[in-house]
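Please open the model in your viewer and keep the sequence panel beside it. The tour below moves from one selection to the next and says what can be found at each stop.

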Amino acid sequence: MDKRSSQSDKRSSSFHTEGYGKRAIYLSHEKGNYIRTDGRGIESFDEIKTFRKFMLNARFGIDFYYRISARTKLMLRPQYKANLNSVFNDSYGITQKYNSTGVQFGISYMLN
């Protein structure tokens, strides 16, 4: 038995920062109402065509793993996501970039 396989049977924890990247987003449809820029009433998304069809966002997260057995690991991933450009077209006059934080968790099981 080699040293690597004998260590995999023990419980262990680790972390790494491979959870980062950029994502392209394409808006396929828009529906609903929004408060007018002058504050007087609402306007339909269909009428004003305010949203960008293509946006970029970035994500950064840190992955934490805890090995339960040789084939099973628990995963915990706190992360931060942010839009790199405004969700509105430049001609609309409003700049708004959304961001969010959250935690993903799960269990992974190796089949082979």
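How many residues lie between β4 and β5 in the hairpin that they form? Select both strands in this predicted model, and you will find that four residues separate them in that hairpin.

**The whole chain**

Before going further into the hairpin, colour the chain by secondary structure, which shows two helices and six strands, arranged along the sequence in the pattern α-β-β-β-α-β-β-β. The chain has 112 residues, of which 21% count as buried, and it exposes about 8,700 Å², with carbon and sulfur atoms supplying 53% of that area. If you display contacts with a sequence separation of 6 or more, 59% of them are between residues 24 or more positions apart.

**Strands β4, β5 and β6**

Now select residues 54–67, which are strand β4, together with residues 72–83, which are strand β5. These two strands run antiparallel and are joined by nine bridges, and one position to inspect is Tyr66, which stands opposite Leu74 in β5. Add residues 99–109, strand β6, which pairs with β5 in the antiparallel sense over eleven bridges; here Arg77 is placed opposite Gln104 in β6.

**The salt bridge**

Keep Arg77 selected and add Asp63, since the next stop is the one salt bridge that the structure holds. Asp63 and Arg77 form this salt bridge, and their closest N and O atoms are 2.6 Å apart. The pair links distant parts of the chain, with Asp63 in strand β4 and Arg77 in strand β5, 14 residues apart. Is this pair buried or exposed? Both Asp63 and Arg77 are buried. As a general point, side chains of opposite charge can pair when their charged atoms come close.

**The start of β5**

Move next to Thr72, which lies in strand β5. Thr72 has a relative accessible area of 14% and is therefore buried, the limit being under 20%. Showing its surroundings, and leaving out residues up to four places away in sequence, you will find that Thr72 touches Tyr66, Arg67, Ile107, Ser108 and Tyr109.

**A nonpolar patch on the surface**

Further along strand β5, select Leu76, which is partly exposed at a relative accessible area of 40%. With Phe64, Val103 and Phe105 added to the selection, Leu76 completes a nonpolar surface patch of about 420 Å².

**Where Tyr80 meets Thr101**

Continue to Tyr80, also a residue of strand β5, and then to Thr101, which is found in strand β6. Although the two are 21 residues apart along the chain, their C-alpha atoms are separated by 4.5 Å. Their accessibility can be compared in a surface view: Tyr80, at 38% relative accessibility, counts as partly exposed, whereas Thr101, with a relative accessible area of 65%, is exposed. Setting aside neighbours within four places in sequence, Tyr80 is in contact with Ala58, Arg59, Phe60, Asn99, Ser100 and Thr101, while Thr101 is in contact with Gln79 and Tyr80.

**Asn57 in β4**

Return to strand β4 and select Asn57. Its relative accessibility is 9%, so Asn57 counts as buried under the 20% limit. Beyond the residues up to four places away in sequence, Asn57 touches Gly21, Lys22, Arg23, Ile25, Ala82, Asn83 and Leu84.

**The largest nonpolar core**

For the last stop, select Phe45, Phe51, Met55, Val87, Phe88 and Tyr92, the six residues that make up the largest nonpolar core. In soluble globular proteins, nonpolar side chains tend to be buried together. Centre the view on Met55 and display its contacts: with neighbours within four places in sequence left aside, the residues in contact with Met55 are Arg23, Ala24, Ile25, Asn83, Asn85, Ser86 and Val87. Among these, Val87 is itself a member of the core, and Arg23, Ile25 and Asn83 are also touched by Asn57, which allows you to step back from this core to the previous stop.

Definitions and conventions
Residues are numbered from 1 along each chain as its sequence is written. This is a predicted model: local features need pLDDT of at least 70, side-chain atom pairs count only at pLDDT 80 or more; totals for chains, interfaces and linings use all residues. Side-chain values use heavy atoms; hydrogens and water are left out. Buried means under 20% relative accessible area, exposed over 50%, partly exposed in between (1.4 Å probe, protein chains only). Contact means heavy atoms within 4.5 Å. Patches are made of residues with over 30% relative accessible area and no salt bridge: like charges are joined within 9 Å, nonpolar side chains (Val, Leu, Ile, Met, Phe, Trp, Tyr) within 5 Å. Accessible areas come from the Shrake-Rupley method with a 1.4 Å probe; for residues, only the protein chains shown count as cover. A salt bridge is a side-chain nitrogen of Lys or Arg within 4 Å of a carboxyl oxygen of Asp or Glu. A nonpolar core is a set of buried Ala, Val, Leu, Ile, Met, Phe, Trp, Tyr and Cys residues joined through side-chain atoms within 4.5 Å. Two strands pair if DSSP finds at least two bridges between them.
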